[in-house]
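User: I'm a bench biochemist, and I'd like a close look at one aromatic side chain and its ring partner. Please follow the thread from there to other spots in the fold that deserve attention, and explain any terms as you go.

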Amino acid sequence: MPFLPTDSVSLSSGIQMPVIANGSWAPPTGNARAEVKDWTLTALKAGYRHIDTALGYGTEKSVGLAVKESGLKREDVFITTKLPYTDHSRVQDSFNESLTNLGVDYIDLYLVHWPQCVDLEADGRIKVTSGPTFVEVWAEIEKIYEGKKARAVGVSNFSVKNLEILLKSAKVVPAVNQVELHPYLAQNELRQYCKDKGIVIEAYTPSYSKIRNNPVIDKIAQKHKVTPNQIILAWHLFRETVIVPKSANEERQRENLNLLVLGDQEIKQIDALDRGERICNKPNEHGLVWGWTMEQLGW
C-alpha cells in the first residue's frame, strides 16, 4: 500500500519513523546554519514530526533549539542525525558530540553518513584513509545501539555491494539506508535488496528543479492542479519510500505534507523517467565522489 503523508513506518528495531522528514542542511555561510532553528520551528508547527540533520551539516544545535522551543515532548519528535566520514576513528565521541549539540539524551535514528573514511587537509581537500573500515565502524555503532542511546541505527549512501560486505559480519542489520533517490535515479535494484533484508529505504534530495521541469511531471501536476514537487513526492510515497524534502519556506513545508495518491498509469509514466542520473553526488572530473571511485561505492 502507498504511504500516506501522516503515516509512520515500522523499523526493524521496533520503533515507528514518520515517512516525511524536513531536512536541515544549510551552507556554511553567513547566518544560514543559525537560521535553521527558525524554519525547523515552522516545520514542527506545520505538523512535521521527523527532522533530519547531521553533525557534518553544522545544524544540530539549531535543530535542538527548535525542538525545545516548539513545546513538543521529546518523544513526539523523531530526530535523525549522522556520523561524519571524518569521524570514523572516533565514533563514540562523535555520537556524544551530537547528543550535546541537540541537547537530548538519545537519538531516534543514527546513520553512518558515508562508507568511506577520510581526513580533511588544511586546504579543505579530502584525503581518503585506509581505515577504520565501515565494517569496523559498524561494530562501534552497534555498541551505541546496544547501549540504548540510539533507538535505531542505519547507513547512508550504501550500495548493494557495500551492504553485502557489511552484512557478512553485522550483528545488527541496518534499519535504514538513506540514499539519493528521485525519478531520474529510481534505485530499483537497491530498493528491492533493502526490502528483502528488512531495511527501510529513505530518499534524500527526493526532488530537483530539473525533474520538476520535466514535461511528464508538469502534465500530471496540471491535471491534478498541484505543483510538480507534490507529484514527485507523491511518487515516492506510492513506492513506500521515506522522504526527506528540505524547505525553509513555511508554505512549501505545508505543501510537502499535502500529497495526493497517484494512479498506477501515472506512476508508470514517472517510473519511465529513470536514467540512473546522480545529481546531488555525481562523480567529479576524476571520477571520484568524496574521494572514492564509483566502483568502491558500488554505484
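Analyst: Tyr 85 counts as buried, because its relative accessibility is 15% (buried means under 20% relative accessible area, exposed over 50% and partly exposed in between, with a 1.4 Å probe and protein chains only). Please keep in mind that this is a predicted model, where local features need pLDDT of at least 70, side-chain atom pairs count only at pLDDT 80 or more, and totals for chains, interfaces and linings use all residues. Residues are numbered from 1 along each chain as its sequence is written, and side-chain values use heavy atoms, leaving out hydrogens and water.

Now for the ring partner. Searching the whole structure turns up 4 aromatic pairs (rings of Phe, Tyr and Trp, the last by its six-membered ring, pair if their centres lie within 6.5 Å; planes under 30 degrees apart are stacked, over 60 edge-to-face, and the rest tilted). One of these pairs brings Tyr 85 together with Trp 290: the ring centres are 6.3 Å apart and the planes stand at 70°, so the arrangement is edge-to-face. The two partners come from distant parts of the chain, 205 residues apart. Tyr 85 sits in the loop between β5 (78-83) and α3 (91-102), while Trp 290 belongs to the loop between β13 (288-289) and β14 (292-293) (helices, H or I with at least four residues, and strands, E with at least two, are DSSP runs numbered from the N terminus).

How covered is Trp 290, whose relative accessible area is 41%? That value makes Trp 290 partly exposed, whereas Tyr 85 is buried. The backbone of Trp 290 deserves a look too: its phi is near 50°, a positive value in a residue other than glycine. Most residues other than glycine have a negative phi, and most peptide bonds are trans.

Going back to Tyr 85, the loop that holds it leads into α3, and α3 supplies a ring to another pair. To set the scene, Phe 95 counts as buried, because its relative accessibility is 2%, and Tyr 110 is also buried, with a relative accessible area of 0%. The rings of Phe 95 and Tyr 110 have centres 4.8 Å apart and planes at 80°, so this pair is edge-to-face. Because Phe 95 lies in helix α3 and Tyr 110 in strand β6 (residues 109-112), the pair ties together parts that are 15 residues apart in sequence.

Helix α3 also meets a neighbour, α2. The buried residues of α2 (residues 60-70) are Glu 60, Ser 62, Val 63, Gly 64, Ala 66 and Val 67. Together these buried residues pack against α1 (36-46), β4 (50-52), β5 and α3 (contact means heavy atoms within 4.5 Å). So which elements flanking the Tyr 85 loop does α2 reach through its buried residues? Both β5 and α3 are among the elements that α2 packs against, and these are the two elements between which the Tyr 85 loop runs. Directly after α2 comes Gly 71, with a positive phi near 85°.

Trp 290 is not the end of the backbone story. Asn 157, another residue other than glycine, has a positive phi, near 65°. You will find Asn 157 in the loop between β9 (153-156) and α5 (160-167). Asn 157 is buried, because its relative accessible area is 2%. In another loop, a cis peptide bond joins Gly 131 to Pro 132, with omega about 5°. Pro 132 itself is placed in the loop between β8 (126-128) and α4 (134-146).

Finally, it is worth turning to the start of the chain for another long-range link. Pro 2 lies in the segment before β1 (8-10), and it counts as partly exposed because its relative accessibility is 24%. Pro 2 and Trp 235 are 233 residues apart in sequence, yet their C-alpha atoms are 9.1 Å apart in space. Leaving aside neighbours within four places in sequence, Pro 2 is in contact with Asp 7, Leu 237, Phe 238, Glu 240 and Val 261. Like the Tyr 85 and Trp 290 pair, which links distant parts of the chain, Pro 2 is a handy place to zoom in on your display.
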